[in-house]
Amino acid sequence: MSTQVPADLSEATVHEIASSRDEPDWLRETRLKALKAMDRLEMPDVIQTPGRRWTNLDQLDFDELADPLNQADDTERVTDEGVEVLPFTEAMVEHPELLQDAFGSVIDPERDYLTALSVALFTTGTFIYVPEGVDAEDVTIRTEMNSRSLFSHTLVVTEDSSSVTILERIDSGDDDVDGARYYSNLVEVAAGENSYVQYGSLQTLDEETYNVSLKRGDASVYSTIDWIEGNIGSRLTRSDIETELNGDSSEGRIVGAFFGHDDQHFDVNARVWHKAEHTTADLVTRGVLDDRARSVYEGVQDVGRDAWDTSSYQRENTLMLSDDSEADASPKLIINNHDTEASHSATVGQVDREDLFYLTSRTIPERDARNMLVEGFFVPVFEEIEVEELREDLEAQIAARLRK
Amino acid sequence: MSSDQDHLKETDTEARFEFKKEERSSFQAEKGLTEETIRVISEDKGEPEWMLKRRLRALEQFQEMPMPTDWPGQPDLSEVDVNEIIPYIRPDVETRESVDDWTDLPDDIKDTFDKLGIPEAEKNALSGVGAQYESEVVYQNMQERWEEKGVVFCNMDQAVREHEDLVREHFMTKCVPPSDNKFAALHGAIWSGGSFVYVPEDTVVEMPVQAYFRMNSEGMGQFEHTLIIAEEGSEVHYIEGCSAPKYSAFNLHSGGVEVFVGDGAHVQYSTVQNWSKNTYNLNTKRALVEGDGRMEWISGSMGSKATMLYPSTVLKGRGASDNHITIAFAGEGQNIDTGAKVYHNAPNTKSTIESKSISKDGGRTNYRGLVHIADGASDSSTSVECDALMFDNESTSDTMPYMEINESKVDVAHEATVGKIGDEDVFYLQSRGLDDDDAKQMIVSGFIEPITEELPIEYAVELNRLVELEMEGSLG
């Protein structure tokens with residue numbers, strides 16, 4: 001592998017992290033195993049077409065980017081009645097068995113090079129536990145990244161018939177780290193029977209940060225996992241959001257919004273696996289590109305042999321505000337059961353000229369008219385967001401970018 | 001219908017393709033692929049030095065390139081070992097040139113094409129016909145009125161000799177270079193037979209020209225090359241049909257098709273592919289289209305064990321347009337991986353891709369397509385529509401489109417749907433007195449109708465027959 005390994009990436013480093021956090025042996029072992037696996041693991045898959053590779057992950061120079069022993073963050077956690085929202089270090093004390101059972105049960109720590117790296121080195125993260133029958137709202141995690149590199153691991157466990165809405169807000173702090181940075185975020189959601197999880201996330205990292213995020217959910221019988229992700233910041237984002245519909249009648253939604261400018265690069269991926277009967281999935285992604293920004297989208301709807309009576313839908317729409325931007329998309333259907341209703345669609349275009357004409361003919365200045373139409377374009381995404389703060393925040397971020 | 005036309009009766013459609021003839025040849029290359037084989041083939045054909053050089057260069061490229069194995073969900077090609085195939089068989093035809101009268105062919109070869117209905121079609125609906133048996137074109141004829149206008153329709157080997165300058169300029173140079181992919185390189189090394197079509201400026205060839213490709217021998221490879229040059233303002237419709245009887249060993253078909261569509265010219269290329277189900281069908285087809293030119297690819301992929309075919313169009317000139325229409329039908333043991341590629345390299349270009357696929361009895365279909373809009377190709381539009389119909393739970397239907405959009409003033413839309421055959425539709429037809437099989441057949445015919453209606457009537461009928469045959473195979 002051509003990738004540069006972090007200078008002080010060694011067993012000693014991992015031991016030092018684990019010891020400083022007073023971690024149990026199983027976690028230390030998991031980290032060491034992940035570290036060892038990195039020798040054989042590949043980078044996450046990137047789409048290639050003749051002569052082109054859509055995202056170049058080999059450019060990540062961890063020698064420069066990763067500084068595992070100097071990770072720093074400022075994380076604020078807001079809980080709701082009946083829900084446990086704990087930093088990992090506390091969760092290890094209060095729910096040792098629960099944590100051990102759930103950790104790595106949804107995301108395989110050895111799935112690829114970047115995931116293994118993150119498991120080996122994470123120093124921050126949150127454990128959210130929603131006991132049976134509890135309905136919780138607006139659980140919030142606000143993280144500020146204050147170092148060259150930061151590796152985070154979040155774990156959500158919902159028991160039967162519970163529900164929770166979660167907001168994750170990621171930003172860069174006002175520290176004085178110059179140059180490129182690296183943020184890695186793993187999120188696992190294990191949804192119990194008949195439970196509901198909405199996990200909404202918005203990142204506004206500074207534009208020198210490489211942001212790699214992998215979120216994956218395991219939906220059991222009658223449960224629903226909704227993912228919402230807004231990508232505004234970062235220099236390059238590689239985001240994978242995945243749901244496995246393992247229980248009969250489970251549902252999944254993946255809603256994404258991005259707005260790229262300058263030379264930002266967003267590689268966003270939404271994937272769902274239908275593995276049980278009567279499952280439903282809906283994938284909606286809307287993005288806007290300005291300046292020289294580039295977006296890469298892959299959506300996968302995989303319907304397994306045993307997934308009778310499946311409904312699966314996917315839409316991806318990109319608006320291009322600039323001629324120098326590029327939008328690449330690949331929505332995929334993989335269907336192994338004929339008792340399926342599946343569709344996907346993707347469009348790329350610019351702001352509708354007739355709409356623009358209508359508004360300008362009503363004396364609205366062209367720039368304002370365009371901005372209104374772009375904000376309107378994101379409405380289908382806003383409508384899916386249940387946490388008001390997230391919706392308002394995302395709306396404000398988009399408005400600010402339009403008027404910068 | 002006269003007695004010697006009995007094979008054309010509906011019920012005998014299968015027999016029309018399945019019969020085998022004794023293998024008879026005047027020259028057969030050794031199995032496998034070496035420089036020596038290629039020199040022998042080239043010498044047997046009496047080729048100029050430059051062609052031999054191109055073949056040898058392509059062979060080098062073939063040997064350097066790895067087998068494609070990392071495409072997501074691609075057909076398994078591990079069985080395809082070029083050292084196991086016979087790359088070249090010259091059938092035992094007395095004249096080295098192809099004949100222009102069916103009666104001059106040896107009886108068994110004539111009988112083959114009679115059974116396939118080619119001479120009959122020639123009389124009724126075609127401007128010209130070429131027929132390839134094994135590695136060589138054995139019959140070639142075109143109506144005189146086209147010849148008088150300067151239209152050329154001859155076999156590719158003849159074109160190398162008689163139209164050397166044109167061929168030298170266009171043959172596997174700027175359209176499909178051997179470096180394009182491993183099988184294009186293989187093709188470049190051992191191509192044999194195929195058609196050369198040249199249509200002069202402002203000439204409209206009103207009736208289609210057709211080429212028919214037949215593999216008869218077990219374990220052979222067919223590598224015909226088709227080169228079509230349509231000059232400014234001209235029009236031509238080229239149809240190819242292919243079939244082979246089924247053997248236990250695998251056959252390999254790796255054709256190369258290059259189409260040059262001049263300013264304002266219009267070329268339609270239709271294929272009804274019905275290779276036997278032991279054939280690997282790995283083709284490279286590409287068209288370069290100048291300003292206001294129009295390219296149409298119409299493909300029905302019914303046969304083969306595995307097909308990997310993505311006809312591609314490069315829209316080079318302002319206002320050029322492309323239309324792809326594809327039907328894929330995968331039954332038991334078949335993996336039909338097909339699609340389309342379109343590069344929009346100029347402003348005001350337009351493409352539409354329509355794909356219909358049907359999978360049943362464990363068959364797998366995959367639509368794999370790429371639309372690339374280059375920076376500067378403003379006011380271009382593309383629309384891709386893929387619909388898949390699945391019959392049962394053993395089958396697989398995948399859709400994998402790729403879109404690369406580098407220009408903002410464009411209109412890009414992709415849509416795909418997958419579903420099973422509607423119980424309600426079947427019930428409706430049954431309540432009108434049709435049995436289950438007929439009802440399903442009718443629904444499938446309706447599903448592919450948007451495509452069959454683009455074909456000349458004979459081919460639409462042919463395609464419908466093949467579909468019915470596929471359906472009967474499982475439902476009957």
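Colleague: In which sense do β19(A) and strand β24 (residues 396–405) of chain B pair, and over how many bridges?

Modeller: This is a predicted model, where local features need pLDDT of at least 70 and side-chain atom pairs count only at 80 or more, while totals for chains, interfaces and linings use all residues. Residues are numbered from 1 along each chain as its sequence is written, with chains lettered from A and ligands numbered from 1 in the order written. Helices (H or I, at least four residues) and strands (E, at least two) are DSSP runs numbered from the N terminus, and two strands pair if DSSP finds at least two bridges between them. Here A:Leu333 stands opposite B:Thr399, and the pairing is antiparallel, over 6 bridges.

Colleague: Nice start! Which strands of chain A each supply at least two residues of the side that touches chain B?

Modeller: Counting a contact as C-beta atoms, placed from the backbone, within 7 Å, 33 residues of chain A meet 31 residues of chain B. The predictor gives the complex an ipTM of 0.86 and a pTM of 0.88. The strands you want are β19 (326–335) and β20 (340–349).

Colleague: Is β12 (residues 224–231) of chain A largely enclosed or open, and how many of its residues are buried?

Modeller: Buried means 20 or more other C-beta atoms within 10 Å of a residue's own, exposed 12 or fewer, and partly exposed in between, with C-beta atoms placed from the backbone. Both faces of β12(A) are covered, with A:Ile228 among the residues on one side and A:Trp227 among those on the other. Parallel neighbours pair with β12(A) too: β10(A) over 8 bridges and β14(A) over 8 bridges. The strand is largely enclosed by the rest of the structure, because the buried residues number 8 of the 8.

Colleague: On which side of α3(B) is B:Lys53, and is B:Lys53 buried or exposed?

Modeller: Residues including B:Met51, B:Leu59 and B:Phe62 are buried in α3(B). The buried residues cover an arc of only 165 degrees, taken from the directions from the helix axis to the C-beta atoms, which puts them on the same side of the helix. Their cover includes α2, α7 and α9 of chain B. B:Lys53 lies on the other side, and is exposed.

Colleague: Over which residues of chain B does pLDDT stay under 50?

Modeller: pLDDT is the predictor's confidence in each residue, from 0 to 100, and chain B averages 87, with 94% of the residues scoring at least 70. Where pLDDT is low, the predicted coordinates should not be read in detail. In chain B, the stretch under 50 is residues 1–13.

Notes
Two residues are in contact if their C-beta atoms, placed from the backbone, lie within 7 Å.
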